[in-house]
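Reader: Hello! I would love a close look at one part of this model, namely the region where its two protein chains meet, together with whatever surrounds it.

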There are 2 protein chains.
Amino acid sequence: MAIDHLDGRLIELLAHEPRIGVLEASRRLGVARGTVQARLDRLQSNGVIRGFGPEVDPAALGYPVTAFATLEIKQGQGADVRAHLTTVPEVLELHTTTGHGDMLCRLVARSNADLQRVIDRVVGFDGIVRASTAIVMENPVPLRIIPLVQQASED
Amino acid sequence: MAIDHLDGRLIELLAHEPRIGVLEASRRLGVARGTVQARLDRLQSNGVIRGFGPEVDPAALGYPVTAFATLEIKQGQGADVRAHLTTVPEVLELHTTTGHGDMLCRLVARSNADLQRVIDRVVGFDGIVRASTAIVMENPVPLRIIPLVQQASED
DNA sequence: CATCTGCTGGGCACTATGCCTAGCAGTCGG
DNA sequence: CCGACTGCTAGGCATAGTGCCCAGCAGATG
């Protein structure tokens, strides 16, 4: 379940040079090719590595504005709200949380004006009582995993 | 800058079968290999596709608890707080947002008890006035981009 | 009309892949 | 102490994909 140091180095290597092959990776890590292949297989069937999907930048697609919306949901309407939000392409992510606000979602939009349209679409649904939105100005730490991998591989 | 329908189909294909090669992709899309190669190069130098890094699941690394923390920052301490949060491996993401002088960060932890340790470490810093944390219970919509790609490729 | 750009379809040498084998070191329960 | 088991090494092999080239052709543009 936990990962060892070699796993950690492999993940770091893959994160740094994603299009690298198994053979090249084995050279860099100083181990046999079969070892890298076996580790990769294990990490993937473990679920540690979910996949190698392309990381698409919403800004480059024409959606430079990101915001987080906290939604308050009417009791018992959770499933309906989830289904509704799933149909909105600008909703990139949705979580249900503890606390008074029940859901947190990440939105993108073409502009600040467009964000209004997106929010209207998001909250224009019966089960949503109230929404409060925070627009992202800067992203000092973009989604990262390497530091955690390093910590996890030192056990 | 914007992407066309072929770009969209290519990204979808890559998202669905990440380890696919250029040749196989060209067969699936019914175009020449050189075309796929050229599109991929363009999407990458465009910044639309940032990379193909491995998607690591924090839960599989032993960090099954996710939380979002809203931080209130003392005026003028922003840079220091950013630097501090960057050093905490459990901080996966950090945004500065509009609203009452705030930051929003995504945290993970080994357990609910461990989350307390992480939060203490995060807020145990001078520039942070107050923090409110929402623990994630469910993730009905995991981070996704395909619906947005589809919308963007229809123009 | 000439030029440019993007796609096609093909060819080439080189390299990586997937899959196999055999040997060897370390671990663990009996 | 032994046998079984697991994980790594090191190599071989056929197949397939890659990177890089070319000439031709269609559509858009000035």
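To get my bearings before that, how many Å separate the centres of domain 1 of chain A and domain 2 of chain A, taken over C-alpha atoms?

Author: Happy to help! The centres of domain 1 and domain 2 of chain A are 36 Å apart, taken over C-alpha atoms. Domain 1 covers residues 5-54 of chain A and domain 2 covers 58-135, with bounds that come from an automatic or database domain assignment.

Two notes on reading what follows. Residue numbers start from 1 along each chain as its sequence is written, while chains are lettered from A and ligands numbered from 1 in the order in which they are written. The model is predicted: local features need pLDDT of at least 70, side-chain atom pairs count only at pLDDT 80 or more, and totals for chains, interfaces and linings use all residues.

Let's start with symmetry. Chain A is superposed on chain B by a rotation of 180° with 0.0 Å of shift along its axis, at an RMSD of 0.1 Å; the fit is by least squares on the C-alpha atoms of residues with pLDDT of at least 70 in both copies. The two copies are thus related as by a two-fold rotation axis. The C-alpha of chain A nearest that axis belongs to A:Phe52, at 2.7 Å.

Now the contact itself, where two residues touch if their C-beta atoms, placed from the backbone, lie within 7 Å. Chain A brings 60 residues to it, and chain B brings 60. Several elements of chain A supply at least two residues each, among them α1 (5-16), α4 (78-86), β4 (91-97) and β6 (128-141). Helices here are DSSP runs of H or I with at least four residues, strands are runs of E with at least two, and both are numbered from the N terminus. The largest share on the chain A side, eight residues, comes from β6(A). By class, that side has 36 nonpolar, 15 polar and nine charged residues. In this scheme Ala, Val, Leu, Ile, Met, Phe, Trp, Tyr, Cys and Pro are nonpolar, Asp, Glu, Lys and Arg are charged, and the others, Gly among them, are polar. Of the interface residues of chain A, 98% are also interface residues in chain B, so the copies meet through the same surface.

Strands also pair across the contact, which requires that DSSP finds at least two bridges between them. β1(A) and β2(B) (residues 55-56) run antiparallel and are joined by two bridges; there, A:Gly51 has B:Glu55 as its bridge partner. β6(A) is antiparallel to β4(B), over three bridges, with A:Val136 opposite B:Thr97. Within its own chain, β6(A) pairs with β3 (residues 65-73) of chain A, again in the antiparallel sense, over seven bridges. In that pair A:Phe68 stands opposite A:Ala134.

Following β4 (residues 91-97) into chain B, we find an antiparallel pairing with β5(B) over six bridges, where B:His95 stands opposite B:Leu104. β5(B) is also joined by eight bridges to β3 (residues 65-73) of chain B, and these two run antiparallel; B:Phe68 is opposite B:Arg106. Six of the eight residues of β5(B) (102-109) are buried, so this strand is largely enclosed by the rest of the structure. Buried means 20 or more other C-beta atoms within 10 Å of a residue's own, exposed means 12 or fewer, and partly exposed lies in between, with C-beta atoms placed from the backbone.

For contrast, B:His16, in helix α1 (residues 5-16) of chain B, is exposed, with 12 other C-beta atoms within 10 Å. Its C-alpha atom is separated by 9.7 Å from that of B:Ile146, 130 residues apart along the chain.

Finally, the DNA draws on both chains. The residues around DNA strand D include A:Val31, A:Thr35, B:Leu23 and B:Glu24, where near means that a C-beta atom, placed from the backbone, lies within 6 Å. Two or more of these residues come from each of α3 (33-46) of chain A and α2 (22-29) of chain B. Around DNA strand C, the residues include A:Leu23, A:Glu24, B:Val31 and B:Thr35; here the elements that give two or more are α2 (22-29) of chain A and α3 (33-46) of chain B. The surface near DNA strand D divides into five nonpolar, four polar and one charged residues, and the surface near DNA strand C has five nonpolar, four polar and one charged.
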